[in-house]
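Student: I'd like a close look at one part of this model, please.

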Amino acid sequence: MIGKPVIIRTHSAGVHFGTLKQREGKEALLTNSRRIWYWEGAFTLSAVAMHGVSNESKISIEVPEILLTEAIEIIPCSDKATVSLRGIKAHDPK
């Protein structure tokens, strides 16, 4: 999965979408990463990884790189889901 878009569920840091750069044990390094705080349009993260989300979802701004230290699930994303997740406007509660 290295070099591919993935969704990672962590033990305590939430759910992240980005490109998997490196993985060792429970550590995963993502680039171009966005935190998925809330999603609509899919029932499970598996469905998010296959179909993407609706515009009502709340997804953070993109950060260039993030090291996730407690990755417990890594799901490869389909092309459709990748386009959807990259296309959602960053949630800004202001």
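Is Asn32 buried, partly exposed or exposed, and what lies around the aromatic residues of this part?

Tutor: Happy to help! This is a predicted model, in which local features need pLDDT of at least 70 and side-chain atom pairs count only at pLDDT 80 or more, while totals for chains, interfaces and linings use all residues. Residues are numbered from 1 along each chain as its sequence is written, and side-chain values use heavy atoms, with hydrogens and water left out.

Asn32 is partly exposed, with a relative accessible area of 38%; buried means under 20%, exposed over 50%, and partly exposed in between (1.4 Å probe, protein chains only). Asn32 sits in strand β3, residues 27-38, where a strand is a DSSP run of E with at least two residues, numbered from the N terminus. Although Asn32 is not a glycine, its phi is positive, at about 50°.

Now to the aromatic residues. The count is 1 aromatic pair: Trp37 and Tyr38 are tilted, at 6.5 Å centre to centre with 50° between the planes. For such a pair, ring centres of Phe, Tyr or Trp (its six-membered ring) lie within 6.5 Å; planes under 30 degrees apart are stacked, over 60 edge-to-face, and the rest tilted. Trp37 is exposed at 61% relative accessibility, whereas Tyr38 is partly exposed at 35%. Tyr38 also has Lys58 over its face, at 5.8 Å from the ring centre; the rule asks for NZ of Lys or CZ of Arg within 6 Å of the ring centre and within 35 degrees of the ring normal.

Technical notes:
Helices (H or I, at least four residues) and strands (E, at least two) are DSSP runs, numbered from the N terminus.
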